Amino acid sequence: MILLECGEGTGSRTFISAKDMPFQLTHVNLDTSYINGQDVLIKFSSLVLMEAFVSGATVRLQYELLRVCGNEDPVSIGTWMFEEVGSAPVVFESQEESFSFIFCESINCSQCCEYFVRVTPLEITGATTTVSNGRIAALSNTLNVERRLPKAKDILLVCGQENGSAIFRQATVSQPPVNVAHVAIDTSCLTGPKILIEFSSVIESAFRVQDVRLEFELFRVCDDKEALSRGIWTFERKNTAVPSAIDNTFTFVFCDDIPCTGCCEYFVTVRAIELIVGAPAIYLGVTVDHANLVAIAQLSDSDVRVYGKSIENKGKKTLMECGSGTGSKVFTSSSDSAFQLAHTTIDTTCLCKPIVNIEFSSILSFQQLVDQGRAQLRYELFRVCDNREPMSIGVWIVGWIDFRIIDRSTGVFDFTYCDCKTCVGCCDYFVEVTPIELTDGLITATVSNGRMAALAQSS
């Protein structure tokens, strides 16, 4: 069985220089006495806002995942870089985006452990930077369900549906928000459940989009009642001096405690609060695509103790497997060969009509060598079952056009993907990165820190 623990954020912090103290953005506690020697999957999301006030503003942050078990000292188990290194005339007026990652490890500890994410400013010049909206959750396999039943819990895994692309040509007060993804989950068999919501999407802005501000809002509707807002996440770029095009991901996780049971639907809407496009604007704008929404529900601790063995057959058998990365790759030309960045294997032989939720995160860095250039990469998810030929099941495009304002940019590329496969067996999933366009001698693109995990359940 799978154990789900939801963590807490600790507010926000604005950094004004590299001398500022590190900030613990979020944390989650996990009783590892029931999972000793098993896999733990950490899911983290946050927002980072940069506001520049001089030309060539630079921001470099280090996100660090640490683990504390018992009375031991904190141990760093992973680091991720975020950076915008600018050149004249200006990098951005303000820029807000998501920064998310996953991390898998096999833990050997029989005590209670805490995982937390710490953000450290390495360099801040000509700007202020605010980190906020930290969210974290932990999923883990449990040991010996019969012997450790009080901590073994049933979960429900439900894959949502995307509603197609949302295209914004302009921002007006009368323009309604667009529903980009939804998921329905029946929690009738669970009392006082907690629900982990995972959202991922790709934002594509055409060339000459100068200013854009999008609001992503998560809603919950239960038993035909009114929709209740559960949170707002903002994507923003303001740079009227030099318009450019960009494709990148926008993701978040959210843990929800609901007081009642029944059929609930979660959905995410996107509203264009601000959008300025250079003429001609009729064919240009911003597109939100590849929207995916996944819900994972589980009994609360009190309900497990009350129901005891009676809950054992209410859930469905669930499997979780952690994958691994394969190092890093520097692309310097469009003719460079593809690179497999991460992979994971899961055996669904014991499941009936399995659904498999794939979790992926990585670091992506672009570096401009001289003025102007174009860079575009293709991330492709493949599935290989029972030694057959690899099958492509998902494609994501990310890139930059016109690098006159950026010397180096480093961030995350991540997604969730639900594979509703109809057959059972041992399957390998992997992500391959291919350069589509790289201006030779002008731009390099580096992919690294690939992380991958799979969660499977009978449909």
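The following legends describe close-up views of a predicted model.

**Figure 1. Overview of the predicted chain, with one helix and 30 strands.** The chain comprises 459 residues, of which 57% count as buried. Its exposed surface amounts to about 17,600 Å², and carbon and sulfur atoms supply 48% of this area. Among contacts between residues at least 6 apart in sequence, 82% join residues at least 24 apart. The views that follow show individual aromatic pairs, salt bridges and serine side chains.

**Figure 2. The aromatic pair of Phe 44 and Phe 101.** The chain has a count of 20 aromatic pairs. In the pair shown here, the ring centres of Phe 44 and Phe 101 lie 4.9 Å apart and the planes meet at 35 degrees, so the pair is classed as tilted. Phe 44 belongs to strand S5 (residues 39-52) and Phe 101 to strand S8 (residues 94-106); the pair therefore ties together parts that are 57 residues apart in sequence. Phe 44 has a relative accessibility of 2% and counts as buried. Phe 101 likewise counts as buried, at 2% relative accessibility. Both rings also take part in a cluster linked by ring pairs, whose members are Phe 44, Tyr 63, Trp 80, Phe 82, Phe 99, Phe 101 and Phe 103.

**Figure 3. The aromatic pair of Trp 396 and Phe 415.** The planes of these two rings, Trp 396 and Phe 415, are at 10 degrees and their centres are 3.8 Å apart, so the pair is stacked. Because Trp 396 lies in strand S27 (residues 391-401) and Phe 415 in strand S28 (residues 406-419), the pair ties together parts 19 residues apart in sequence. Trp 396 is buried, its relative accessible area being 3%. For Phe 415 the relative accessible area is 3%, and this residue is buried as well.

**Figure 4. Surroundings of Ser 100 in strand S8.** With a relative accessible area of 3%, Ser 100 is buried. Its side chain makes a polar contact of 2.9 Å with the side chain of Thr 251. Apart from residues up to four places away in sequence, Ser 100 touches Phe 44, Ser 45, Ser 46, Thr 251, Val 412 and Asp 414. One of these residues, Phe 44, is a member of the aromatic pair with Phe 101.

**Figure 5. The salt bridge between Lys 43 and Glu 198.** Side chains of opposite charge can pair when their charged atoms come close. The chain has a count of 13 salt bridges. In this view, the side chains of Lys 43 and Glu 198 meet with an N to O distance of 3.4 Å. The pair links distant parts of the chain, with Lys 43 in strand S5 and Glu 198 in strand S15 (residues 194-205), 155 residues apart. Lys 43 and Glu 198 are both buried. A network of salt bridges links these two residues with Glu 359.

**Figure 6. The salt bridge between Asp 256 and Arg 230.** The closest N and O atoms of Asp 256 and Arg 230 are 2.7 Å apart. Asp 256 is located in strand S18 (residues 245-257) and Arg 230 in strand S17 (residues 228-238); the pair thus links distant parts of the chain, 26 residues apart. Asp 256 is buried, with a relative accessible area of 1%, whereas Arg 230 is partly exposed, with a relative accessible area of 25%.

**Figure 7. The salt bridge between Glu 380 and Arg 378.** The side chains of Glu 380 and Arg 378 meet with an N to O distance of 3.3 Å. Glu 380 counts as buried at 13% relative accessibility, because buried means under 20% relative accessible area. Arg 378, at 27% relative accessibility, counts as partly exposed.

**Figure 8. Surroundings of Ser 333 in the loop between strands S23 and S24.** Strand S23 spans residues 329-331 and strand S24 spans residues 339-347, and Ser 333 is placed in the loop between them. Ser 333 has a relative accessibility of 11% and counts as buried. The side chain of Ser 333 makes a polar contact with the side chain of Ser 335, at 2.9 Å. Apart from neighbours within four places in sequence, Ser 333 is in contact with Pro 435, Leu 438 and Asp 440.

Terms used
Residues numbered from 1 in each chain as written. Predicted model: local features only at pLDDT ≥ 70, side-chain atom pairs only at ≥ 80, totals over all residues. Heavy atoms only, no water. Helix = DSSP H or I, 4+ residues; strand = E, 2+ residues; numbered from the N terminus. Buried < 20%, exposed > 50% of the residue type's maximum accessible area, 1.4 Å probe, protein only. Polar contact = N/O pair within 3.5 Å; in protein donor to acceptor, adjacent residues only side chain to side chain. Contact = heavy atoms within 4.5 Å. Areas by Shrake-Rupley, 256 points an atom, 1.4 Å probe, with all protein chains shown as cover. Phe/Tyr/Trp six-rings, centres within 6.5 Å; stacked < 30°, edge-to-face > 60°. Salt bridge = Lys/Arg side-chain N within 4 Å of Asp/Glu carboxyl O.
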